[in-house]
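Me: I am new to this structure and would like to understand the reasons behind the words used for it. Could we go through them one at a time?

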Amino acid sequence: VFILGLETSCDETSAAVVEDDRRILSSVVASQADLHAKWGGVVPEVASRMHVERTLPVIIEALEQARCTPEDLAGIAVTNRPGLVGALVVGVACAKALAYAWRKPLIGVHHLVGHVHAAPLADRWLSFPFLCLVVSGGHTELIVAEGPDSFYCVGRTRDDAAGECFDKAARLLGLPYPGGPALERLAREGNREAVSFPRAWLQHSLDFSFSGLKTAVARYVARPDPSVTQADIAASLQAAIVDVLVTKTILAAEATGIRKVAIAGGVAANETLASEFRAACKAKGYDATVPPKELCTDNAAMIAAAAYRRLRRGEADDLNLDVVATEYLPLRSVK
Ligand SMILES: Nc1ncnc2c1ncn2[C@@H]1O[C@H](COP(=O)(O)OP(=O)(O)OP(=O)(O)O)[C@@H](O)[C@H]1O
Ligand SMILES: [Mg+2]
């Protein structure tokens with residue numbers, strides 16, 4: 001079945017048409033990164049206003065690229081939680097209006113469950129259960145995708161997300177927004193062993209903590225060592241983040257006994273993370289799924305895919321569907 005997905009939870013306005021939860025027919029993403037760059041971060045009010053301008057053109061483009069008409073659609077999926085409330089409201093209001101006008105079922109999707117669906121979209125043979133590290137601007141979570149309707153978390157960050165750490169460190173290094181990709185480019189020229197930044201292992205827990213690392217970078221930048229370059233600092237920071245992310249993901253796979261492991265979310269676009277994650281999975285004999293970059297950062301294809309099972313069962317949300325700023329997936333302790 002064909003599903004129209006909509007995503008407006010942060011600073012990407014995106015629409016996509018997906019067949020079931022496996023095949024992308026079109027995926028259109030209008031990023032606002034350039035508009036927020038001069039402020040050094042996402043300005044919620046600016047994001048909402050841009051979504052208002054761009055949502056309909058992006059939907060029309062997605063339908064055209066997929067050569068779809070509204071009659072071809074089985075339903076409309078939209079991110080309704082968690083995210084910037086003013087941004088979410090735009091996508092949800094638009095999805096409701098279209099669902100009502102076109103008489104289609106409406107499905108509200110949890111953004112992180114959406115990120116997890118980048119994995120089955122990237123690997124059409126991937127079956128449940130699998131483990132997914134969702135690592136993005138606002139989240140760092142180890143999620144068990146037990147079945148198509150069952151997602152729980154076995155570890156998450158206690159403070160900053162890994163993406164936030166990339167972004168804040170990039171700012172301290174004077175790099176432009178968004179910081180993650182800029183820091184990755186700079187790190188290519190650096191020595192990852194130049195600075196030994198701390199790793200918060202949080203023994204006996206699958207949780208993460210990145211706020212200490214951010215502080216360590218701030219302290220280091222305030223009193224730099226003249227023999228260490230900006231690129232060295234970037235490479236050393238990236239190594240510290242990747243080290244913790246990969247090690248803990250493997251620990252989670254061991255603790256849960258799940259041998260199929262994926263990464264998703266914006267930070268999964270980082271090539272050092274992707275290659276170290278693949279190598280660590282290979283050493284353990286696990287199947288590794290690393291979606292292409294455009295499926296890791298925010299997109300509506302993953303949102304459409306996440307709605308497939310509920311749609312197929314004939315379920316739908318009503319037009320009272322609301323937006324939610326913060327909603328965590330259930331936590332289960334496995335260690
Ligand atoms: N190549 C990269 N290396 C490191 N970090 C990256 C890279 N590309 C993107 N990022 C980071 O990914 C984050 C954006 O990811 P994404 O779009 O999934 O987040 P978000 O939607 O804002 O947050 P969330 O999904 O938690 O609500 C930013 O922190 C950005 O710096
Ligand atoms: Mg996201």
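Me: What makes strand 6 and strand 9 count as paired, and in which direction do they run?

Reply: In this predicted model, strand 6 and strand 9 are joined by 4 bridges and run parallel. Pairing requires at least two bridges between two strands, so with 4 bridges the strands qualify as a pair. One of the positions involved is leucine 131, whose bridge partner in strand 9 is valine 261.

Me: How do you know that strand 6 pairs with strand 7, and how do these two run?

Reply: Strand 6 and strand 7 are joined by 6 bridges and run antiparallel; since at least two bridges are needed, they are therefore a pair. The two strands form a hairpin with 4 residues between them, and valine 135 stands opposite threonine 140 of strand 7.

Me: Why is the pairing in the sheet called mixed?

Reply: The sheet is open, with 5 strands in the order 8-7-6-9-10, and its pairing is mixed. Strand 6 runs antiparallel to strand 7 but parallel to strand 9, while strand 9 (residues 260-264) also runs parallel to strand 10, to which 3 bridges join it.

Me: What makes strand 8 and strand 10 edge strands?

Reply: Strand 8 (150-156) and strand 10 (287-289) each have a single partner strand, so one side of each is left without a neighbour in the sheet.

Me: Why is strand 6 described as largely enclosed?

Reply: A residue is called buried when its relative accessible area is under 20%, and 6 of the 6 residues of strand 6 meet that condition, so the strand is largely enclosed by the rest of the structure. Phe130, Cys132 and Val134 are buried on one side, and Leu131, Leu133 and Val135 are buried on the other. In a regular strand, side chains alternate between the two faces of the sheet.

Me: Which helix lies across strand 6, strand 9 and strand 10, and at what angle does it run to strand 9?

Reply: That is helix 10 (residues 271-284), which runs at about 175° to strand 9.

Me: Which residues have the most contacts inside the largest nonpolar core?

Reply: This core has 51 residues, and those with the most contacts inside it are Phe197, Phe210, Leu237, Ile241 and Leu245. Helix 9 gives the most to this core, with 13 residues. Leaving aside neighbours within four places in sequence, leucine 237 is in contact with Cys165, Ala169, Leu183, Phe197, Leu213 and Val217.

Methods
Residues are numbered from 1 along each chain as its sequence is written. Chains are lettered from A and ligands numbered from 1 in the order in which they are written. This is a predicted model: local features need pLDDT of at least 70, side-chain atom pairs count only at pLDDT 80 or more; totals for chains, interfaces and linings use all residues. Side-chain values use heavy atoms; hydrogens and water are left out. Contact means heavy atoms within 4.5 Å. Axes are lines fitted to C-alpha atoms, for helices over the stretch in contact, and angles run from 0 to 180 degrees between N-to-C directions. Buried means under 20% relative accessible area, exposed over 50%, partly exposed in between (1.4 Å probe, protein chains only). A nonpolar core is a set of buried Ala, Val, Leu, Ile, Met, Phe, Trp, Tyr and Cys residues joined through side-chain atoms within 4.5 Å.
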